[in-house]
Amino acid sequence: MDFASFLIQVLNSLQYGLLLFLVASGLTLVFGIMGIINLAHGSFYMIGAYLAFVLTSATGSLVLAIALGIPLALIFGALLEWALFSHLYKRDHLEQVLLTYGLILIFEQLRSLLVGDDVHGVAIPAFLDASIQLTEVMSYPVYRLAISVVCIVLAVALYYVIQRTRLGMMIRAGNDDRSMVEALGININMIYRVVFALGVALAALAGMLAAPISSVFPNMGSHVLIISFVIVVIGGIGSVWGALVAALIVGFADTFGKVLLPEISGMIVYLVMAVVLLWRPEGILKKG
Amino acid sequence: MDKHYKIVCNLILGAALVTTGMGSALAQDKVKVGLMLPYTGTFAALGNNITNGFKQYVEENGGKLAGREVHYVVVDDESNPARATEIARRLVTRDKVDVLIGSVHSGVALAAARVAANTKTLMIVPNAGANEITGAQCSPYVFRSSFSAWQPSYAMGEALAKRGVKNVVTLAWKYSFGTESVEGFTEGFTKGGGKIVKDMSLPFPNVEFQPFLTEIAALKPDAVFVFFAGAGAAKFVSDYAAAGLKGSIPLYGPGFLSEDVAAMGGAGEGLQTTLHYADGLNTERDNAFRTAYAAAYKAQPDVYAVQGYDAAQMYHAGLKAANGDPAKLDAVIDGIRAATIDSPRGSFTLSKAHNPVQDIYLREVKDGKNAVVEVVSAGLEDPARGCSM
């Protein structure tokens with residue numbers, strides 16, 4: 001590997017890691033802060049991608065599709081929390097797993113009935129549809145770099161909201177001691193509804209942003225579900241910074257694993273997870 | 001007296017035999033076809049198209065095969081190899097199907113083929129391309145109406161070597177079909193004097209291709225051969241173009257690479273692939289098939305519909321040879337073996353290992369269609385390695 005290739009691989013790692021963070025960030029909130037094991041997280045990602053496809057076809061613009069899709073996802077998340085998840089906070093994890101697994105099947109079937117089983121592409125917005133020439137044969141799509149920028153902005157915003165705002169304080173307090181927060185007169189149910197809706201919207205946004213580069217296809221959510229859990233666990237459950245660091249570690253491990261250790265590239269991410277958990281059983285950054 | 005008595009007895013016996021024979025003929029006036037295909041999940045569209053193709057042929061024959069009404073037992077195999085044995089066994093023992101048609105997923109087909117071989121039930125595989133099915137695991141009872149993974153890839157290897165391509169990088173998903181495709185390509189390509197510069201792979205169904213594209217750009221081979229299918233193929237072709245490689249290093253692969261051209265935006269245009277079927281063959285047979293299919297299902301047929309259609313043709317040929325009696329299994333099998341199938345893809349026969357001996361087309365994506373360029377390998381027969389039949 002010459003130096004230019006090495007630098008491009010570093011760029012690949014960063015870009016992939018940031019995309020993984022975006023996908024996992026919603027799960028950090030729902031699983032990490034609310035303590036719900038949400039297997040349907042991947043389905044929200046899938047729903048986002050299909051929303052991007054349907055809305056882009058209807059409006060002709062991905063930007064418009066995202067602008068419409070985020071409020072839709074927020075409403076959808078709030079409704080879902082009200083109808084189903086709000087009953088689960090006091091139940092054990094097995095029941096959460098059962099409900100959310102059932103939701104995967106329901107969402108996939110609905111997707112099949114409404115949109116069909118074909119693979120679809122989503123066009124990159126014209127103003128981002130360009131490439132930057134890196135070497136004489138290799139160029140880098142601007143859209144991928146744009147996603148990375150969005151991911152960084154989101155990471156900072158999330159950190160700010162959770163660590164520096166009153167809402168974030170209430171969320172963290174609710175996570176530490178639900179009944180005490182309630183006793184202080186804070187409407188914890190409403191806060192959880194907001195957090196859950198936010199988690200759904202983040203997953204859907206990840207799906208919408210990834211749609212042009214990953215294409216839109218059945219069961220696409222299952223591909224991101226496991227890696228999202230890996231990132232949340234490596235990063236330390238409930239930590240936004242931890243998830244970001246973990247996503248970057250996974251991005252680097254996966255990219256360089258594929259090139260340098262192709263024989264074990266399939267398990268390298270899980271090896272990293274095992275090593276991290278041996279070193280820090282609570283994840284890299286616990287609650288931060 | 002004695003003699004007369006004997007004749008009368010024989011007559012009665014004969015009459016009895018005839019009536020019972022007729023009785024059984026009436027009872028078996030139908031033939032039971034077990035469709036074990038995916039109707040949900042990633043391969044649902046493929047399962048549906050195979051079913052459509054099969055039923056179209058039966059409808060063209062008035063809903064009958066060799067004079068017998070066709071009765072379907074349809075099961076969704078969910079492309080789940082873990083359940084395949086159970087489903088196949090149920091179709092054979094409980095539903096008592098005369099022929100098993102399945103499946104898309106190679107793991108499912110291999111498990112079902114084992115059941116078919118053990119229970120001596122006729123099976124026709126309408127897609128799954130694992131070499132083993134008509135290779136190491138071949139069986140007198142198992143036929144295939146599609147292709148082996150080896151066929152299109154070997155033909156591509158040969159064709160590229162003939163064009164004077166010297167250095168190629170290969171990339172595929174690391175599972176049996178991907179590995180077999182790359183092996184087939186490597187065999188055809190190196191035989192013609194080509195060299196594989198680097199053989200890369202990634203776990204199925206991982207689609208983060210960026211590190212490999214960087215590697216390809218650094219190696220600068222004459223061409224790249226890949227195996228991907230479905231959504232992964234659409235993503236790879238798009239990523240390849242977005243990385244700026246499309247203009248400088250030509251990309252090739254077996255036909256699954258260019259299946260979802262619509263999902264690639266414009267990135268698929270000009271892509272060349274090999275397969276046993278193509279758009280725009282413009283033969284009388286194919287045109288008739290396509291018109292009828294489009295009228296019946298309000299959709300354009302694809303290679304899967306052809307494979308389903310041909311599975312029905314193959315079974316029809318066997319039944320005809322057995323005078324319409326599915327119970328005469330040996331006659332059915334000999335009938336299929338001897339048949340020349342008048343397929344929309346061009347006629348084919350079956351090899352000793354029961355895989356189609358067929359033409360492989362080089363196709364090029366033009367206006368979103370896989371237009372035929374030429375036949376790169378005529379009457380290509382899978383070597384059926386490991387088959388002792």
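Here is a short chat between a biologist and a modeller about a predicted two-chain model.

Biologist: Let's start with chain A. How many helices and strands does chain A have?

Modeller: Reading along the sequence, the order is α-α-α-α-β-β-α-α-α-α-α-α-α. Counted up, that makes eleven helices and two strands.

Biologist: What radius of gyration does chain A have, and what would a compact globule with 288 residues have?

Modeller: Along its principal axes, the C-alpha trace of chain A spans about 65 × 50 × 35 Å. For 288 residues, the compact-globule expectation is near 19 Å. Chain A agrees with that, because its own value is 19 Å.

Biologist: Now the helix packing. Are helix 2 and helix 9 of chain A parallel, perpendicular or oblique to each other?

Modeller: Helix 2 (residues 41-59) and helix 9 (residues 220-235) of chain A have axes 7 Å apart, at an angle of about 135°. Angles of 65 to 115 degrees count as roughly perpendicular and those over 145 as roughly antiparallel. The pair in chain A falls in neither class, so helix 2 and helix 9 are oblique.

Biologist: Which residues of helix 9 of chain A meet helix 2 of chain A?

Modeller: The crossing of helix 2 and helix 9 of chain A is right-handed. By class, their contact has six nonpolar, six polar and no charged residues. Helix 2 of chain A brings A:His41, A:Gly42, A:Ser43, A:Tyr45, A:Met46 and A:Ala49, and these meet A:Met220, A:Gly221, A:Ser222, A:Val224, A:Leu225 and A:Ser228.

Biologist: And helix 3 with helix 8 of chain A: how many nonpolar, polar and charged residues does that contact have?

Modeller: Helix 3 (residues 62-83) and helix 8 (residues 188-214) of chain A cross at roughly 145°, and their axes come within 7 Å. This crossing is right-handed. By class, the contact has 19 nonpolar, three polar and two charged residues.

Biologist: Any backbone oddities in chain A? Where is A:Ser215 found?

Modeller: A:Ser215 has phi near 60°, a positive value in a residue other than glycine. As for its place, A:Ser215 sits in the loop between helix 8 and helix 9 of chain A.

Biologist: Over to chain B. Which loop holds B:Ser103?

Modeller: B:Ser103 follows a cis peptide bond, the one from B:Gly102, with omega near -5°. Its loop is the one between strand 4 (99-101) and helix 4 (106-119) of chain B.

Biologist: How many residues of domain 1 and of domain 2 of chain B does their contact take?

Modeller: The domain assignment gives chain B domain 1 (27-147 + 280-358) and domain 2 (150-275). Their centres are 30 Å apart, taken over C-alpha atoms. The contact takes seven residues from domain 1 and eight residues from domain 2. On the domain 1 side, those are three nonpolar, four polar and no charged residues.

Biologist: Last one, the interface. Which helix of chain B gives the largest share of the side that touches chain A?

Modeller: Here 34 residues of chain B contact 33 residues of chain A. The elements of chain B that give two or more residues are helix 2 (44-60), strand 8 (195-202), helix 7 (210-219) and helix 8 (230-242). The chain B side as a whole divides into 20 nonpolar, nine polar and five charged residues. The largest share, seven residues, comes from helix 7 of chain B.

Technical notes: Residues are numbered from 1 along each chain as its sequence is written. Chains are lettered from A and ligands numbered from 1 in the order in which they are written. This is a predicted model: local features need pLDDT of at least 70, side-chain atom pairs count only at pLDDT 80 or more; totals for chains, interfaces and linings use all residues. Domain bounds come from an automatic or database domain assignment. Two residues are in contact if their C-beta atoms, placed from the backbone, lie within 7 Å. Ala, Val, Leu, Ile, Met, Phe, Trp, Tyr, Cys and Pro count as nonpolar, Asp, Glu, Lys and Arg as charged, and the others, Gly among them, as polar. Helices (H or I, at least four residues) and strands (E, at least two) are DSSP runs, numbered from the N terminus. Axes are lines fitted to C-alpha atoms, for helices over the stretch in contact, and angles run from 0 to 180 degrees between N-to-C directions. Angles under 35 degrees count as roughly parallel, over 145 as roughly antiparallel, 65 to 115 as roughly perpendicular and the rest as oblique. A crossing is left-handed if the near helix is turned anticlockwise from the far one by less than a right angle, and right-handed if clockwise. The radius of gyration is taken over C-alpha atoms; the globule rule is 2.2 Å times the number of residues to the power 0.38.
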